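Dear colleague,

I am handing over the structure we talked about, and below it I have set out what was found when its geometry was examined. Please read the notes with the model open beside them.

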Amino acid sequence: MTGIEWTDDTWNPVTGCDRISAGCDNCYALALAKRLKAMGSAKYQNDGDPRTSGPGFGVTIHPAALDIPRRWRAPRRVFVNSMSDLFHARVPAAFVQQVIDVIAETPQHTYQVLTKRPGRARRMVEQGLVLPPNLWLGTSVENGGVTDRITELVNTPAAVRFLSCEPLLGPIDLDKWLFPLGCPDGCGCRWPDDDERFECGCPGCADWRPAPAIDWVIVGGESGPNARPMDADWVRDLRDQCVAAGTAFFFKQWGGRTPKAAGRELDGEFWSQYPTDRSTSCHV
Ligand code: SF4
């Protein structure tokens, strides 16, 4: 088990990373790597650039970790690289392929790959990388200034695409991306205003409409001694956008100095939805 509400287990065939945006400022993995290095943990002895990374947090691949999910018998949701970013430029493409191969060969598990570098994921797919159906691809979006990551994500074919808006540091308008299927150029038009309609294939669905391009949105506030505040209206706005689109919404926590102390209730409700596979759901 992990302390992360939306997954069952973590798998770290890569460790280490570099900060690239405001969402990374208080990176928990960077701080944890420093402690693990001091404790002598073998996976965390390679130091990163002190300007963007830190002790024990240099990007390092771990071929010996590749076999771990093969030994898990019970199906589970697996967060891939909670201590890194699979699509970091310094992870060799051949190793990314090996990780994807393990995912494809263990279809009993569902893998959640969360990256702040979805552009590399898209380029690798264009170059022939095939994302298996049990891989959910997500990108982290902390405010409206990094939404180019969403464009990269929705242009990458994945069975499930999700956003992690954590730590949420500002409002995010998803309007342009929730239904981009009618406007591949990203012009901003959306259902039901455009004339494009797509059959969902659901036999009982009379009022069909296109499935949203984003299947799941996770929202959470920052926690820890340097936690930055999250406005409740930013969360409500994302919830309302997801409800209107039929996108699953998961509210993880309010955050604050003490992790989880402020709970995860939003206007008297708990939001713990998970995505359904776009290929089998009409989202109506
Ligand atoms: S991309 Fe993720 S793992 Fe890498 S520094 Fe930023 S928050 Fe940490």
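Asn81 is buried, with a relative accessible area of 1%, in what is, I should say at once, a predicted model. This residue is placed in the loop between strand E4 (77-80) and helix H2 (93-105), and its phi is positive, at about 60°, although Asn81 is not a glycine. Most residues other than glycine have a negative phi, which is the reason for drawing attention to this kind of backbone angle.

Asp267 also carries a positive phi without being a glycine, in this case of about 50°, and it lies in the loop between strand E10 (265-266) and strand E11 (269-270). Is Asp267 buried or exposed? Because its relative accessibility is 44%, and partly exposed covers values from 20% to 50%, Asp267 counts as partly exposed, whereas Asn81, at 1%, falls under the 20% limit for a buried residue.

One peptide bond also deserves a look when you go through the backbone. The bond from Glu166 to Pro167 is cis, with omega near -5°, and Pro167 is found in the loop between strand E7 (160-165) and helix H5 (175-178). Most peptide bonds, by contrast, are trans.

Turning to the ligand, the space that it takes is the largest pocket, and the volume of this pocket is about 1100 Å³. The residues around the ligand are Cys17, Asp18, Arg19, Cys24, Cys27, Lys116 and Arg117, and by class this shell divides into 3 nonpolar and 4 charged residues, with no polar ones.

The lining of the pocket as a whole comprises 43 residues, and those that lie nearest its centre are Asn26, Cys27, Tyr28, Ala29 and Lys252. By class, the lining has 17 nonpolar, 16 polar and 10 charged residues, so that polar residues do occur in the lining, while the shell around the ligand has none.

Which elements of secondary structure each supply at least two residues of this lining? They are helix H1 (28-38), strand E5 (110-115) and strand E9 (248-253), and the largest share, 4 residues, comes from H1.

With best regards

Definitions and conventions: Residues are numbered from 1 along each chain as its sequence is written. This is a predicted model: local features need pLDDT of at least 70, side-chain atom pairs count only at pLDDT 80 or more; totals for chains, interfaces and linings use all residues. Side-chain values use heavy atoms; hydrogens and water are left out. A residue is near a molecule or strand if one of its heavy atoms lies within 4 Å of it. On a 1 Å grid over the protein atoms alone, a cavity is a set of points where a 1.4 Å probe fits but cannot get out, and a pocket is an open set with protein on both sides within 12 Å along at least five of seven lines; lining residues have an atom within 4 Å of a point. A molecule sits in a cavity or pocket if more than half of its atoms lie within 2 Å of its grid points. Ala, Val, Leu, Ile, Met, Phe, Trp, Tyr, Cys and Pro count as nonpolar, Asp, Glu, Lys and Arg as charged, and the others, Gly among them, as polar. Grid points are joined across faces, edges and corners, and a volume is the space filled by probe spheres set on the points. Buried means under 20% relative accessible area, exposed over 50%, partly exposed in between (1.4 Å probe, protein chains only).
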